[in-house]
Structure formats: structure tokens, C-alpha cells
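Visitor: I'm new to this structure and would love a close look at a single part of it. Could you pick one spot and walk me through its surroundings?

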Amino acid sequence: MPTEATTLDLDLARQVLAAQPFARLVGTELTEFGDGAATLVIDIQPEHGQQFGFVHGGVLAYAADNALTFAAGTVLGPNVLTGGFTITYLRPAQGERLRVHATVLGATRRQAVTHCDVYAETEGEEPVLCAVAQGTTRRVEKDLAPSTEEDPDFDEDAEFDDDQDNYDTDQLTVVTVDGPELPPTVSR
């Protein structure tokens, strides 16, 4: 684990979560934060469902992603972004709430690998493990504070041709491959 002290505590981490519009939309609460771990809780709402009445996998993935990154933030500090993660759905999620607990498996000064368990809970019943995830979070050296400056190159009145890419082609490199043609794909 990195030896430098983190500047985040539970109260500041809750402020970071509250600054995420999507977290507010979903109703995410940070209940534990520190020492290489974080726990998020989401009260399950009808809007979180998919067509069969279970919690949508996108909600589970969002919760895992956020928990993984918050856990990493306990050892890397507040300026972190998800580098990537995988999630495995074990069974459908249903109940009263999701409890998502993530722990740091290992870290360097710049990145952390974390593991996460996603549980569906109903009062008076045993929690059900619905998904597991693992991810990498990276510390970012530049300031990630929301920009208050407007982009001087952005023209909100510009019209775009949907059939054309909006790129300055003088800055793109065209790559061509010289050599023998590949044989056609054979399907069985």
C-alpha cells in the first residue's frame, strides 16, 4: 500500500459522491470509507429495474465501478479515475437495497487493483451475492475539478453533417498495409 496519507475522509468522500449527478439520480449513499475499503448502498426503486423486474445490470455495473474507485481513493487520494473493470453477474438482483463493498487488493503510488461484491438485501433475509467485479483505478496528476471556463473553440451554433466525421483531417494519420492479401475467412 502507498505510504502517503490520503486527504479523503468519510465526510469529504460523501461530498464527492454528492457531486455526481448520476449518483444522486440513482440514490447512492456512501456508508463506509477508509483503510482500503468502501461500501455503497442503493435503495432499490422501480426505475432501477429491467423488463423482468430485476435490477438492471447497468445499475449493478455503475455501483461496482463507483465502489471500486472509492475504495481505491482511500489509498490513492481524491484525484482518481477508473482505468477499467470487469463484472460477472451471478444471479438476478432483487430486494430492498443493494450493498456494494469494495476492497483494495494491492496498490502502487499511482494505481490500485480492487475487488467488489454486490449484494441484494431484504430485511430479515440473508444477503444474496449477485455480482462480483474487479478493477483498476489510476491516480491522475492533473486537477480534475469541473471546468468553469468555456471552450473557446466550441461553436454551439455550428451545423454538422451527420455523414462526415468532425475531425481536422490534416491531423490524422492514414495507415495502409502493404503485403499479401489474407485468405478469405472459412466458416464451418
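Guide: Happy to. Let's start from Thr 114, which lies in strand β5. Please keep in mind that this is a predicted model. Is Thr 114 buried or exposed? Thr 114 counts as buried, because its relative accessibility is 0%, and the cut-off for buried is under 20%.

Now for the company Thr 114 keeps. Setting aside residues up to four places away in sequence, Thr 114 touches Leu 68, Ala 71 and Ala 72, then Thr 103, Val 104 and Leu 105, and also Ala 133, Gln 134 and Gly 135.

Let's follow one of those contacts, Ala 72, which has its place in helix α3. Ala 72 is at 0% relative accessibility too, so this residue counts as buried. With residues up to four places away again left out, Ala 72 touches Thr 114 in return, along with Gly 77, Val 104, Ala 112 and Thr 137. There is also a long reach along the chain here: Ala 72 and Arg 139 are 67 residues apart in sequence, yet their C-alpha atoms are separated by 9.0 Å.

Back to the strand. β5 pairs with β6 in the antiparallel sense, over 10 bridges. One place to see this is His 115, whose bridge partner in β6 is Gln 134. The hairpin formed by β5 and β6 has 6 residues between the strands, and in this hairpin Gly 124 takes a positive phi near 85°. β6 has another partner as well: strand β3, residues 80-89, pairs with β6 in the antiparallel sense over 9 bridges. There, Phe 85 stands opposite Gly 135 of β6, and Gly 135 is one of the residues that Thr 114 touches.

A little further along is Cys 116. Leaving aside neighbours within four places in sequence, Cys 116 is in contact with Ala 64, Ala 67, Leu 68, Val 100, His 101, Ala 102, Ala 131, Val 132 and Ala 133. Cys 116 also belongs to the largest nonpolar core, which has 37 residues; together with Leu 30, Leu 98 and Val 100, Cys 116 touches the most other members. Among the elements that each supply at least two residues of this core are α1 (10-18), β1 (28-34), α3 (57-76), β4 (97-107), β5 (111-121) and β6 (128-139). Which element gives the largest share of this core? That is α3, with 12 residues, the helix where we met Ala 72.

Conventions
Residues are numbered from 1 along each chain as its sequence is written. This is a predicted model: local features need pLDDT of at least 70, side-chain atom pairs count only at pLDDT 80 or more; totals for chains, interfaces and linings use all residues. Side-chain values use heavy atoms; hydrogens and water are left out. A nonpolar core is a set of buried Ala, Val, Leu, Ile, Met, Phe, Trp, Tyr and Cys residues joined through side-chain atoms within 4.5 Å. Buried means under 20% relative accessible area, exposed over 50%, partly exposed in between (1.4 Å probe, protein chains only). Helices (H or I, at least four residues) and strands (E, at least two) are DSSP runs, numbered from the N terminus. Contact means heavy atoms within 4.5 Å. Two strands pair if DSSP finds at least two bridges between them.
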